[in-house]
Amino acid sequence: MEYKWTAMSNTFIATLMASINSYIILIALPSIFNGIHIDPLNSFQYLLWILMGYGLVTATLLLSFGRLSDMYGRVKMFRLGFLIFTVGSILLYLTPSTGDAGAIEIIVFRLVQGVGAAFFMANSAAILTDAFPSSERGKALGINIVAAIAGNFLGLVIGGVLAVFNWRYVFLISVPFGLIGTIWSFKLKELSKKAIKTKIDIWGNLTFVLGITLILVGITYGLLPYGNSPMGWNNPWVIATMIIGLVSLILFPFIENRVESPMFRLDLFRNRSFAFANMAGLLGSLGRGGLMFMLILLLQGIWLPLHGYSYDSTPFWAGIYMLPLTAGIVIMGPLSGVLSDTYGPRWISTSGMIVVTISFLLFAALPINFNFWEFAFAEFLMGIGSGMFSTPNTASIMNSVPSEDRGVASGMISTLRNTAGTASMAIFFTIVIVGITQRFPDAMLSSLTSIGAINLAPILSNIPPTAALFSAFLGYNPVNAILTTIPPSIIAHIPSSTLTTLTGTIWFPSTLANAFLPSLQISFIIGAIISIIGALLSALRGERYIHEEKVIEVNSESEIESQELEIVEKSS
């Protein structure tokens, strides 16, 4: 086997495993919460940390790990990532506690997984770029990106299937792949030039990690209720963390311009291809990052129950109904990589972002009781556009940097993507929660009146919007739990037919839909606006640019000297 395919198989396993685990719990959360005996109505903070903690730790560590890999060997760091990730998976499977303690243990062990995933993400693109010639990098990175993006959606299906049997299997499945990957990674070789030994950028690391962490933590707690407010944006602690985080990130570039060995190569942004491709990638992730959660909310909380699916089965079917998106990415990811090797990345990536924009607008135009083929078409189009954009865009970035900076460049790509994805989730959640806060009480009152249960309005109208949103996300009807808190004297005066309606699969999703759909449409329109701006930035990257090394034979003993070359090719 040629070495490049050894590199491909290693990075494919790592990227697929890391991306599957980003979303595998999305569908399995109902089973996990039941397994550790957590009340979904009062556990929104655990939901956010289980979902966002993994992305938060990878976003904060990627850049530092990328620079460390350039300094000490990206294969060593990649191999260490396999080991750490496997340990985290084993700990998750063995989670010993239940209740709040069990939830906290899962959060901590997910953070351990995130550390391992950060080593994967920081090095995969760099290892592939080292192993493949520039004429094949688009294809190689395309396959890797298919693993990264398609893995997210495969995680939904795998999580839904495994959760039916036991929630612990959701984490156990990563263990054999982690062990195989750890062993197989010993076949990898260090191909890049040894970077000059240098000092670790302590102040740069501190300000970057502190800034990103505080902002993402502030965003997370900004989504939680505070006092009488449905959200925590007026929480002094949230405001303080956001301000300190922003100040840290403002200081970061000034520090990087002054330290001897910066972790973040600001000078790379002088390259037009590198700068605009990264900015386009940032906006692409910002637009699409929260999409998955919105679609799961729509399917699990509203559309599937309205079409007769039981709450127990909605997580599994939501994963199945997301497959058209995966199909689009799997088809177009490698194909766009091959095309970009021949014709250049500029217009292929730009066209992909335009297709993503169109798909956002199609989602925004869907009624709440849509036909599935309409939804599937919009999904498939989103997958096609995402594959068209991501592969050539990543190849464009990695081709534009010298070999000794590929680790940090790979880390920068993943850092921007993960940070934007987490911020996107927070933005979309905020839009939806604000909309539900404004509309849900009136929708509840109107719905209760229509079934003759107006006497329950003072109780049910006070369901917190976060609880309603969380319930929809988990495919869970909160009315069942709330009815158990109502005095029997009141319940006795409610007709049994009304109680059946309240606890069925139609009434609550219909009520929530009236408050949810307008906000969902707004979030899709915002996604379309962000994507079209990303398309413009993608077009501004200019001509095809390849920073390559040329090997020159200098004497009869075949001494080799490496010389940096910059190759600019006209895009066909």
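**Helix packing and burial, by the cut-offs**

Trainee: H14 and H15 pass each other in a left-handed crossing. What makes a crossing left-handed?

Mentor: The near helix has to be turned anticlockwise from the far one by less than a right angle; clockwise would make the crossing right-handed. Before we go on: this is a predicted model, where local features need pLDDT of at least 70 and side-chain atom pairs count only at pLDDT 80 or more, while totals for chains, interfaces and linings use all residues. Residues are numbered from 1 along each chain as its sequence is written, and side-chain values use heavy atoms, with hydrogens and water left out.

Trainee: Fine. What makes H14 roughly antiparallel to H15?

Mentor: Check the angle. H14 (residues 346–365) and H15 pack at about 155 degrees, with their axes 7 Å apart. Angles over 145 degrees count as roughly antiparallel, under 35 as roughly parallel, 65 to 115 as roughly perpendicular, and the rest as oblique. Therefore H14 and H15 go down as roughly antiparallel.

Trainee: And how is that angle defined?

Mentor: Axes are lines fitted to C-alpha atoms, for helices over the stretch in contact, and the angle between N-to-C directions runs from 0 to 180 degrees. The helices themselves are DSSP runs (H or I, at least four residues; strands are E, at least two), numbered from the N terminus. The chain has 22 helices and 2 strands.

Trainee: Which classes of residue make up the contact of H14 with H15?

Mentor: Residues including Met-353, Val-356 and Phe-360 of H14 meet residues of H15, among them Ala-378, Glu-379 and Met-382. By class, that contact has 16 nonpolar, 7 polar and 1 charged residues. Nonpolar covers Ala, Val, Leu, Ile, Met, Phe, Trp, Tyr, Cys and Pro; charged covers Asp, Glu, Lys and Arg; the others, Gly among them, are polar.

Trainee: Glu-379 sits in H15 (residues 372–399). How do you know whether Glu-379 is buried or exposed?

Mentor: Relative accessible area decides: buried is under 20%, exposed is over 50%, and partly exposed is in between (1.4 Å probe, protein chains only). Glu-379 comes out at 0%, so it counts as buried. Not counting residues up to four places away in sequence, Glu-379 touches Tyr-321, Met-322, Pro-324, Leu-325, Phe-363 and Phe-372, where contact means heavy atoms within 4.5 Å.

Trainee: Over the protein chain, how many of the residues count as buried?

Mentor: Of 572 residues, 60%. Met-444, in H16 (residues 406–450), is buried too, because its value is 0%.

Trainee: Then why is His-37 called exposed?

Mentor: Its relative accessibility is 60%, so it passes the exposed cut-off. His-37 lies in the loop between H1 and H2 (44–72). Its phi is near 60 degrees, a positive value in a residue other than glycine.

Trainee: On to H1. Why is its packing with H3 called oblique?

Mentor: H1 and H3 (residues 74–93) meet at about 40 degrees, with axes 11 Å apart. That angle falls in none of the named ranges, so H1 and H3 are oblique to each other. H1 also passes H3 in a left-handed crossing. The contact involves residues of H1, including Asn-10, Met-17 and Asn-21, and Phe-78, Phe-82 and Phe-85 of H3. By class it has 7 nonpolar, 3 polar and no charged residues.

Trainee: What makes the H1 and H7 pair roughly antiparallel?

Mentor: The axes of H1 and H7 (residues 174–184) cross at roughly 155 degrees and come within 10 Å. The angle is over the antiparallel cut-off, and therefore H1 and H7 get that label. Their crossing is left-handed as well. Asn-21 is one of the H1 residues here, and Ser-174 is one of those in H7. By class, the contact has 4 nonpolar, 7 polar and no charged residues.

Trainee: Asn-21 keeps turning up. Why is Asn-21 called buried?

Mentor: Its relative accessible area is 1%, so it falls under the buried cut-off. Asn-21 lies in H1 (residues 3–35).

Trainee: And what makes its link to Gln-113 a polar contact?

Mentor: A polar contact is a pair of N or O atoms within 3.5 Å; within protein, one must be able to donate a hydrogen and the other to accept it, and residues adjacent in sequence count only if both atoms are side-chain atoms. The side chains of Asn-21 and Gln-113 make theirs at 3.3 Å. A polar atom of the Asn-21 side chain also lies 2.8 Å from the backbone oxygen of Met-17.
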